[in-house]
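Here are some friendly notes to read beside the model. Please keep the sequence and the 3D view open while you go through the points.

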Amino acid sequence: MTMGSTSRGRTLGAAALAGAGAGLAGVAAMTALEKIEQAVLGRPSSYVPARTLKAVTGGSPSDAERPPAWNHAMHWGTGALVGSIHGVWAAVGMRGPRAWAAHAAVRLATDQTLENATGVGAPPHTWPWQEQAVDFLHKGVYSLVTGLVSERLVAPTLETHRGRTSH
């Protein structure tokens, strides 16, 4: 490993760690919005994240299970893990509204992949449109806050200008 690749690796590792912290800020914002939305709309909490984590770790959860600690572990753990991606993106210059939108898609895809691969969830196209809209809103807030915090914490020191031409 060369000195340059070691330095790049350290920069990316630090960016991923900062992104994980930003992801936790994103989860906090998403959770606050979720609690407000649930109070206004009267929507109950979903325990699909908890059942997904139980399934990923080898369990066979029933649809009746509602373990709040598992729900929090999945929410916060996934938020930090997916947030680390945005930290890396910030370091390499993937920033701003396009990155936030792409990150929301990554978060939605991560959740749906895990939920459906374990057999715990249902494909979003089978959900009522209101539930789809609420999920998109929550994940959008998560990604916006995660992006803003990541981009504040991580400088775009590894941004490349390859492939760009001047006209």
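1. Let us start with W89, which lies in helix α3. Is W89 buried or exposed? Its relative accessible area is 15%, and because the cut-off for buried is under 20%, W89 counts as buried. Please keep in mind as you look that this is a predicted model. Along the chain, W89 and L12 are 77 residues apart, yet their C-alpha atoms are separated by 9.1 Å.

2. Now for the overall picture. The secondary structure of the protein comes to five helices and zero strands, so the elements read α-α-α-α-α when followed from the N terminus. Taken along the principal axes, the box filled by the C-alpha atoms is roughly 55 × 35 × 25 Å. The protein has 167 residues, and 37% of them count as buried.

3. K35 is a good next stop, and you will find it in helix α1. With 44% relative accessibility, K35 counts as partly exposed, because that class lies between the 20% and 50% limits. Which side chains does K35 reach with polar contacts of its own side chain? One is the side chain of Q38, at 3.3 Å. Another is the side chain of S45, where the polar contact is 3.4 Å. For a sense of distance, K35 and I85 are 50 residues apart in sequence, and their C-alpha atoms are 26 Å apart in space.

4. Next, have a look at the largest pocket, which has a volume of about 890 Å³. Its lining is made up of 37 residues, and those closest to the centre of the pocket are R43, S46, Y47, V48 and P49. Five elements give two or more residues to this lining: α1 (3–41), α2 (48–56), α3 (68–91), α4 (96–117) and α5 (129–153). Which element gives the largest share of the lining? That is α3, with seven residues, and α3 is also the helix in which W89 lies.

5. What is the chemical character of that lining? The residues lining the largest pocket divide into 13 nonpolar, twelve polar and twelve charged.

6. Aromatic rings deserve a point of their own. How many aromatic pairs does the count give? It comes to zero, where a pair would need ring centres within 6.5 Å. Rings do meet charged side chains, however. The charged end of K54 sits over the ring of W70, at 5.3 Å from the centre of that ring. Likewise, R107 lies over the face of Y142, and here the distance from the ring centre is 4.7 Å.

7. Finally, please follow the chain past the last helix to P156, which is found in the segment after α5. Is P156 buried or partly exposed? The relative accessible area of P156 is 34%, so this residue is partly exposed. P156 and V27 are 129 residues apart in sequence, and from C-alpha to C-alpha they are 23 Å apart in space.

Definitions and conventions
Residues numbered from 1 in each chain as written. Predicted model: local features only at pLDDT ≥ 70, side-chain atom pairs only at ≥ 80, totals over all residues. Heavy atoms only, no water. Phe/Tyr/Trp six-rings, centres within 6.5 Å; stacked < 30°, edge-to-face > 60°. Lys NZ or Arg CZ within 6 Å of the ring centre and 35° of its normal. 1 Å grid on protein atoms, 1.4 Å probe; cavity = no way out; pocket = protein on both sides within 12 Å on 5 of 7 lines; lining within 4 Å. Points joined across faces, edges and corners; volume = space filled by probe spheres on them. Helix = DSSP H or I, 4+ residues; strand = E, 2+ residues; numbered from the N terminus. Nonpolar A, V, L, I, M, F, W, Y, C, P; charged D, E, K, R; others polar. Buried < 20%, exposed > 50% of the residue type's maximum accessible area, 1.4 Å probe, protein only. Polar contact = N/O pair within 3.5 Å; in protein donor to acceptor, adjacent residues only side chain to side chain.
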